[in-house]
Amino acid sequence: MKISIEKNLIYKSLSHVQSIVEKKNTIPILSNILLEATDSSLILSATDMDISITVTIECSVIEKGSVTVPAHTLYDIVRKIPDGNEIEFIANDGKTFSIRSGKSKFSLSCLPKEDFPLIEIDKLDCEFSLNPNIFLKLIEKTRFAISNEETRYFLNGIYFHKKNINNVDCLSLVATDGHRLAKIDFPHPKGLIDLPGVIIPKKTIYELCKLLTEITEDVVINVDPNKIIFYFDKTVLVSKLIDGNFPDYQRVIPKNNNNIVIAERQKFCEAVDRVSTITSEKSKAIKFKLLKNLINMNSSDPEAGTASEDIIVQYEGQEIEIGFNSKYILEIINQLQDGKLILEFNDSNSPLIIKESSNNDLIYVLMPMRV
């Protein structure tokens, strides 16, 4: 194998491929990426056995062939080569891999191509496409609520499913960690007929976000109950799905939160941020007292002191005292764009709904906490 390629052409692709590879691997071949030189292109592949990625780059191929090399070492070498430089990859015997650029020369040890796990890219039951900007927005609005608790593994991803709303098929994304829930619906009348409800793992979601920021053409998505495949311009991302049942999130969304607060989003956010300065590192708890057209926020910490602030709002409901994790509130508010927030309460012990008037498809639910 012998190819010549410009540094900037391969660097970005390598960054995506190497990020799939775990830093520590008990199986040596999984620390490597597979390089395959065909007639006029280089194909890079990597897998951790749960996620796989394949990227195709046009380049000058002098001699066809394939080899596997350590992913992070190759990435670091290419990263440190000056922009615009031409790079040569040479593998003669499958045991050593040479990298040459300018006056720099590197030699890396290889592992046999035959040991590299086969990445199966096949046609799945359901196929549809999405605009990358819309898809990225749907993910960004929900991914912060993914759980990090490994014991409840079925919450370690985004629930990706079809829902019929007013006789229109919608793509729904939901994430929850048991303390807060994020849900967004997107009308998608074409192509969702056979879409099963699946849970996309957190690592896949984060790799997906990186890829979505770099493309303009629609993403083609193939999905079945066990696997999901994303087709980009020259990149294919394949992922296993979380094997588990996502909870019935509809039961968590309150139906009778009739005490409605309308607040200036920026002012509300800044007040929460200020009052949260005096909270314990563990609980981040703030108490809200709802009065007519006013919310009093207060917090205390035995070691740090107390904080209190009043904020003017539109509110005509009953007097309510309720506590929330201020970090969770701020993370939710940062996902909203409207100038005004809508906060829907029931009583002192019930979950809060947070949303905005311009987007009925987006809803956040936050569980209260004792303060």
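A residue counts as buried when its relative accessible area is under 20%. By that criterion, 52% of the 371 residues of this chain are buried. The structure is a predicted model. The chain contains 6 helices and 25 strands, and its C-alpha trace spans about 80 × 50 × 35 Å along the principal axes.

**Contacts along the chain**

- Contacts can link residues that lie far apart in the sequence: among those between residues at least 6 apart, 67% join residues at least 24 apart.
- One pair that illustrates such separation is Tyr249 and Lys183, which are 66 residues apart in sequence. Their C-alpha atoms are 9.1 Å apart in space, and the two residues are in contact.

**The nonpolar cores**

- The largest nonpolar core has 104 residues. The members that touch the most other members are Ile33, Leu35, Phe89, Phe97, Phe160, Phe268 and Phe288.
- With residues up to four places away in sequence not counted, the residues touched by Phe89 include Met1, Ile3, Ile10, Leu35, Leu42, Leu74, Val78, Phe97 and Ile99. Phe89 also touches Lys2 and Ser98.
- A second core, separate from the largest, consists of 12 residues. Among them are Leu155, Tyr159, Ile242 and Tyr249.

**Two buried loop residues**

- Tyr249 lies in the loop between β17 and β18 (259-264). Tyr249 counts as buried because its relative accessible area is 5%.
- Beyond its neighbours within four places in sequence, Tyr249 is in contact with Tyr159, His161, Lys163, Val174, Leu181 and Lys183.
- Asn156 is located in the loop between α3 (132-140) and β11 (157-165). Asn156 has a relative accessibility of 9% and therefore counts as buried.
- Residues up to four places away in sequence aside, Asn156 touches Ile146, Ser147, Asn148, Glu149 and Glu150, and also Ile200, Pro201, Lys202 and Ile242.

**The largest pocket**

- The largest pocket holds about 410 Å³ of space.
- Its lining is made up of 18 residues. Those nearest the centre of the largest pocket are Ser13, Glu214, Asp233, Lys234 and Thr235.
- Two elements, α1 (7-20) and β4 (51-58), give two or more residues to this lining. The greatest contribution comes from α1, with 5 residues.
- Sorted by class, the lining of the largest pocket comprises 6 nonpolar, 6 polar and 6 charged residues.

**The second largest pocket**

- The second largest pocket has a volume of about 230 Å³.
- It is lined by 13 residues, and Met49, Ser52, Leu118, Glu120 and Lys240 are the closest to its centre.
- At least two lining residues of the second largest pocket come from β4, and at least two from β17 (235-240). The largest share belongs to β17, which supplies 3 residues.
- By class, this second lining has 6 nonpolar, 3 polar and 4 charged residues.

**Cysteines**

- A disulfide is a covalent bond between the sulfur atoms of two cysteines. The structure holds 0 disulfides.
- Why does Cys170 form no bond with the closest cysteine sulfur? The closest cysteine sulfur belongs to Cys126 and lies 15 Å from that of Cys170, so the two are too far apart for a bond. For comparison, a disulfide requires sulfur atoms within 2.5 Å.
- Cys170 counts as buried because its relative accessibility is 4%.
- Cys269 is likewise buried, since its relative accessible area is 15%.

**Backbone angles**

- Most residues other than glycine have a negative phi.
- Lys284 is not a glycine, yet it has a positive phi of about 55°. Lys284 lies in the loop between α5 (265-275) and β19 (285-291). Its relative accessibility is 22%, so Lys284 counts as partly exposed.
- Asn293 also has a positive phi of about 55° although it is not a glycine. Asn293 is placed in the loop between β19 and β20 (294-301). Because its relative accessible area is 28%, Asn293 is partly exposed.

Technical notes:
Residues numbered from 1 in each chain as written. Predicted model: local features only at pLDDT ≥ 70, side-chain atom pairs only at ≥ 80, totals over all residues. Heavy atoms only, no water. 1 Å grid on protein atoms, 1.4 Å probe; cavity = no way out; pocket = protein on both sides within 12 Å on 5 of 7 lines; lining within 4 Å. Points joined across faces, edges and corners; volume = space filled by probe spheres on them. Helix = DSSP H or I, 4+ residues; strand = E, 2+ residues; numbered from the N terminus. Nonpolar A, V, L, I, M, F, W, Y, C, P; charged D, E, K, R; others polar. Core = buried A, V, L, I, M, F, W, Y, C linked by side-chain atoms within 4.5 Å. Buried < 20%, exposed > 50% of the residue type's maximum accessible area, 1.4 Å probe, protein only. Contact = heavy atoms within 4.5 Å.
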